[in-house]
Amino acid sequence: MEVPFSSLVFMVSMLGVSVGAQAQNFPEKPLTLVVPYSAGGSTDATARLVAEGMSKKIGQPVIVENKPGAGGGIGALYVKRAPSDGYIMLVTSASHIVNKVMDKSVDYDMQRDFRPVSQLTNLPIVLVVNAKSDFKSVDDLVAFARKNPGKLNYGSAGNGTVQHMSASLLADMASVEMTHIPYKGGAAALTDLLGGQLDFVFSPINEVVGQVKEGNVRPLAVTTNVRSDVLPDVPTMSESLKGYQLPLWFGIAVRADVSDERTAVLSRAVQDALRDKEVSERLIAQGSEPVGSTPQEMAALQASEKVRIEKLLATMNVAR
């Protein structure tokens, strides 16, 4: 049976209305922001601030849900297998790229399985020791490691995380051997550092700045190539190990097949949240730099980071 041309025009126009209405009405229920690490860590702290800001802008609650484990992999796989309606988002970082580069069997790929929404923040990682530690500098720590191979224990948020990679880069550049103890999140590693079970950790600044100010931990260095405004007296790693640089960033992604329209709605909400005076001031106070970017800008960041990490790991011996 032939369909009249006028009917075809009507159906096409109605399809356009349907797609437009879908974007206009989205979201119609609460959203979930999956943090792939345990509660209380740096990723969690950033996510909760952003979720609060997004809720104000988008008109729906944004619920933070922690799904820790496998260096962020459990949360990533959860979002990869979630419905493609855009209601479930993932907080991502360079750690997800590191995981895939280090282990090709990892069952997700940030560029293949996910669609970028927006970058959240940039921030330094801080090398910290217990306040009672004898180590007063990176040079002290390295000197001990050289005399005592494998005796220094450090914790991280899990195998393949940027915290793990930070310590591996230190060990590689200083030609020392240290023992890695992976956790399900950075907060748990920091707790054991405070309890004396670990010799040092690399922690994102927003996770550790409070402990520094309370005198519970001693910061030895930051991983960025410039000192942090929040901890201006703390040297950079490159002041002891020339060329050392490993900053951290956080972003938000959804499944790869979430529509352009819904991704754009989420991206605008994230960008608006990060421009909110209260949210941005709280992030800055923690040592983070609020960014807020388009999906295209976030995709470009991930692509460049993959190239950078591949080059870095090609010259490193990263202990699992």
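**Sheet, domains and two backbone outliers**

Reader: Which residue of S10 stands opposite Ser93?

Author: In this predicted model, local features need pLDDT of at least 70 and side-chain atom pairs pLDDT 80 or more, while totals for chains, interfaces and linings use all residues. Residues are numbered from 1 along each chain as its sequence is written, and side-chain values use heavy atoms, without hydrogens and water. Strand S3 covers residues 88-93 and strand S10 covers residues 248-255. Opposite Ser93, in S10, stands Phe250.

Reader: In which sense do S3 and S10 pair, parallel or antiparallel?

Author: Strands are DSSP runs of E, at least two residues long, and helices are runs of H or I, at least four long, numbered from the N terminus; two strands pair if DSSP finds at least two bridges between them. Between S3 and S10 there are four bridges. Their sense is antiparallel.

Reader: What is the strand order of the open sheet?

Author: Six strands form this sheet, and its pairing is mixed. Strand S2 (62-66) and strand S11 (289-290) are the edge strands, each pairing on one side only. The order is S2-S1-S3-S10-S4-S11.

Reader: How far apart do the C-alpha centres of domain 1 and domain 2 lie?

Author: The bounds, from an automatic or database domain assignment, give domain 1 as 31-123 + 247-315 and domain 2 as 125-239. Domain 1 thus has two segments in its listing. The C-alpha centres of the two domains are separated by 24 Å.

Reader: What area is buried between domain 1 and domain 2?

Author: Contact (heavy atoms within 4.5 Å) links 28 residues of domain 1 with 23 residues of domain 2. Buried area is the accessible area, with a 1.4 Å probe, that two parts lose on being put together, summed over both. Carbon and sulfur atoms give 65% of the area between these domains. The area itself is about 1900 Å².

Reader: Where is Pro27, and which form does the peptide bond from Phe26 to Pro27 take?

Author: Most peptide bonds are trans. Pro27 sits in the loop between helix H1 (5-25) and strand S1 (31-35). With omega near 0 degrees, the bond from Phe26 to Pro27 is cis.

Reader: What is the phi of Ala70?

Author: Most residues other than glycine have a negative phi. Ala70, in the loop between S2 and helix H3 (73-80), has a positive value. Its phi is near 55 degrees.
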